[in-house]
Amino acid sequence: MIAFVEGSVAERRLSSAVIQAGGIGYELLMSAHSLAMLPEVGKEAHVVTYLSVTESGVALYGFMAQEEESLFKNLIAVSGIGPKMALAALSTFTPRELFAAVTAEDVRAISKIPGVGKKTASRIVLELKGAIPVDAIGSDAPGGKAAPTSAYKNATDALLSMGFTKAEIEAAMKGAPGDGDEETLLQYALKRIA
């Protein structure tokens, strides 16, 4: 198994990157989020990998964060979800967003993943709820340790309805008290935004 690839970024493509290491160019299929975090061409990168061997071939998947790779493994363990659909899920959501959607049993949100209908989204919720370890979302979680609470989700939904972008909300909620109620979290975020 190939645990990681470390070398210079030789090429960036729409859904993959080529990392040159030891005279070999490794094509790594990556989520949109990992591709965005990948250093520019010519710079050194350390990419966590997952080698997939299926009837249709061999593919190497790359992740800039261990949390994303861990969640990828959880997703492909769901019946009917293959590596390509798992990668689509990680391109649609950050690990924290997907974890929050599964925890909240938000089938409608999960249905936004390309190729995922209501039935498959329900299966993802059913099989992953309570099965995703907290380290699968790591420091991306509110407060850096625990899973998003319903108060956190309600506060972010309220901020979205006020017209703030996901990026603004993420920045405003960084360091928010993990045990705060919805009102406390809203006040915290609005003070930071102001």
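## Accessibility and the model

In this report a residue is called buried when its relative accessible area is under 20%, exposed when that area is over 50%, and partly exposed in between. By that scale Glu27, at 41% relative accessibility, counts as partly exposed. The structure described here is a predicted model, and the sections below take up its barrel, its salt bridges and several of its helices.

## The barrel and the helices on it

In the predicted model, 5 strands close into a barrel, following the order β1-β2-β3-β5-β4, with mixed pairing. From one strand to the next, the twist averages 55°. Within this arrangement β2 and β3 pair in the antiparallel sense over 6 bridges, and Ala17 has Leu28, a residue of β3, as its bridge partner.

Helix α3, which covers residues 83–92, packs on the sheet, where it touches β3, β4 and β5, and its direction makes about 20° with that of β5. Another helix, α2, lies across β4 (44–54) and β5 (57–63), and it runs at about 10° to β4.

## Salt bridges

How many salt bridges does a search of the whole structure find? The search finds 3. As background, side chains of opposite charge can pair when their charged atoms come close.

Arg13 takes part in a network of salt bridges that links it with Glu11 and Glu27. With Glu11, the side chain of Arg13 meets in a salt bridge of 2.8 Å, N to O, while in the salt bridge between Arg13 and Glu27 the closest N and O atoms are 3.0 Å apart. Because Arg13 lies in the loop between β1 (4–12) and β2 (16–21), and Glu27 in strand β3 (residues 24–30), this pair ties together parts that are 14 residues apart in sequence. Arg13 is partly exposed, with a relative accessible area of 36%, and Glu11 is partly exposed as well, with a relative accessible area of 35%.

Glu69 forms a salt bridge with Lys73, and here the closest N and O atoms are 3.0 Å apart. Both residues lie in helix α2 (residues 66–76), where they are 4 residues apart, about one turn of the helix. The surroundings of the two partners can be told apart by accessibility: Glu69, at 5% relative accessibility, counts as buried, whereas Lys73 is partly exposed, with a relative accessible area of 39%.

## Helix α4 and the loop after it

Glu97 is found in helix α4, which covers residues 95–103. Is Glu97 buried or exposed? Its relative accessibility is 18%, and because the cut-off for buried is under 20%, Glu97 counts as buried. Leaving aside neighbours within four places in sequence, Glu97 is in contact with Thr92, Lys166 and Glu170.

In the loop between α4 and α5 (107–110) stands Glu105, which is partly exposed at 46% relative accessibility. Most residues other than glycine have a negative phi. Glu105 has a positive phi of about 55° although it is not a glycine.

## Helices α8 and α9

Helix α8 has Ile169, Ala172 and Met173 as its buried residues. Seen down the axis of α8, these buried residues fall within an arc of 90°, so they line one face of the helix. They pack against α7 and α9. After α8 comes Gly175, whose phi is positive, near 80°.

For helix α9 (residues 182–193), the length can be checked against an expected value: at 1.5 Å a residue, its 12 residues should span 16 Å, and the end C-alpha atoms are 16 Å apart, which agrees. Which residues of α9 are buried? They are Leu185, Leu186 and Ala189, and, seen down the axis of α9, they fall within an arc of 100°, so they line one face of the helix. An α-helix has 3.6 residues a turn, so residues three or four places apart point the same way. The buried residues of α9 pack against α7 (150–161) and α8 (166–173), whereas on the other side of α9 Glu183 and Lys191 are exposed.

Note on methods: Residues numbered from 1 in each chain as written. Predicted model: local features only at pLDDT ≥ 70, side-chain atom pairs only at ≥ 80, totals over all residues. Heavy atoms only, no water. Helix = DSSP H or I, 4+ residues; strand = E, 2+ residues; numbered from the N terminus. Expected span 1.5 Å × (residues − 1). Buried < 20%, exposed > 50% of the residue type's maximum accessible area, 1.4 Å probe, protein only. Arc of directions from axis to C-beta. Contact = heavy atoms within 4.5 Å. Salt bridge = Lys/Arg side-chain N within 4 Å of Asp/Glu carboxyl O. Pairing = 2+ DSSP bridges. Axes fitted to C-alpha atoms, helices over the stretch in contact; angles between N-to-C directions.
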